[in-house]
Amino acid sequence: AVHIEPDILLIDEVLSVGDIKFKVKCHNKLAKLREKGTAFVLVSHNSHSVLNICNHSLYLAKGKLILAGETESVIRKYEEDLYLN
């Protein structure tokens, strides 16, 4: 899917599969797409991937918006909720 140059790219947990070589290749391609202005919609439970790819994030729970904003703040809230529940 990344061999095209989309305006918006939907990524659903694809970065959680494969070996390290595949993951590095994916992250490098995403970085190049970002430089060209591609927007990403990344669906993931992997905080590390979200922090590396996204500047702004949404935290959704059961279809409801919990928090939107800079990724670090959103991840912090998500992890607080995860560990408190």
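In what order do the elements of this chain run from the N terminus on? They run β-α-β-α-β-β-α, and I should say at the outset that what we are looking at is a predicted model. Counted by kind, the chain has 3 helices and 4 strands. Along its principal axes, the C-alpha trace spans about 40 × 25 × 20 Å, and of the 85 residues in the chain, 25% count as buried. As for contacts in the chain with a separation of 6 or more, 39% of them are accounted for by residues 24 or more positions apart.

Let me begin with strand β1, which covers residues 8-12 and whose side chains alternate along its length. L9 and I11 point to one face and are buried, whereas I8, L10 and D12 point to the other face and are not buried. This strand runs parallel to strand β2, residues 39-43, and 5 bridges join the two. One residue lets us connect these two descriptions, since I11, a buried residue of β1, has L42 as its bridge partner in β2.

L42 also leads us to the largest pocket, in which about 550 Å³ of space lies. The lining of that pocket is made up of 18 residues, and the closest to its centre are L42, S44, L58, Y59 and L60. If we ask which elements supply at least two residues each to this lining, the answer is β2, α2 (47-53), β3 (56-61) and α3. Among these, β3 gives the most, with 5 residues. By class, the lining has 12 nonpolar and 6 polar residues, and no charged residues.

I would like to finish with a residue in helix α3, which covers residues 71-84, and that residue is T71. Is T71 buried or exposed? Its relative accessibility is 3%, and because the cut-off for buried is under 20%, T71 counts as buried. Leaving aside residues up to four places away in sequence, T71 touches V50, L51, C54, N55, H56 and S57. With H56 we can be more specific, as a polar atom of the T71 side chain lies 3.3 Å from the backbone nitrogen of H56.

So much for the tour; to recall its main stops, we saw the alternating side chains of β1, the parallel pairing of β1 with β2, the largest pocket with no charged residues in its lining, and the buried residue T71 in helix α3.

Notes. Residues numbered from 1 in each chain as written. Predicted model: local features only at pLDDT ≥ 70, side-chain atom pairs only at ≥ 80, totals over all residues. Heavy atoms only, no water. Buried < 20%, exposed > 50% of the residue type's maximum accessible area, 1.4 Å probe, protein only. Pairing = 2+ DSSP bridges. Polar contact = N/O pair within 3.5 Å; in protein donor to acceptor, adjacent residues only side chain to side chain. Contact = heavy atoms within 4.5 Å. 1 Å grid on protein atoms, 1.4 Å probe; cavity = no way out; pocket = protein on both sides within 12 Å on 5 of 7 lines; lining within 4 Å. Points joined across faces, edges and corners; volume = space filled by probe spheres on them. Nonpolar A, V, L, I, M, F, W, Y, C, P; charged D, E, K, R; others polar.
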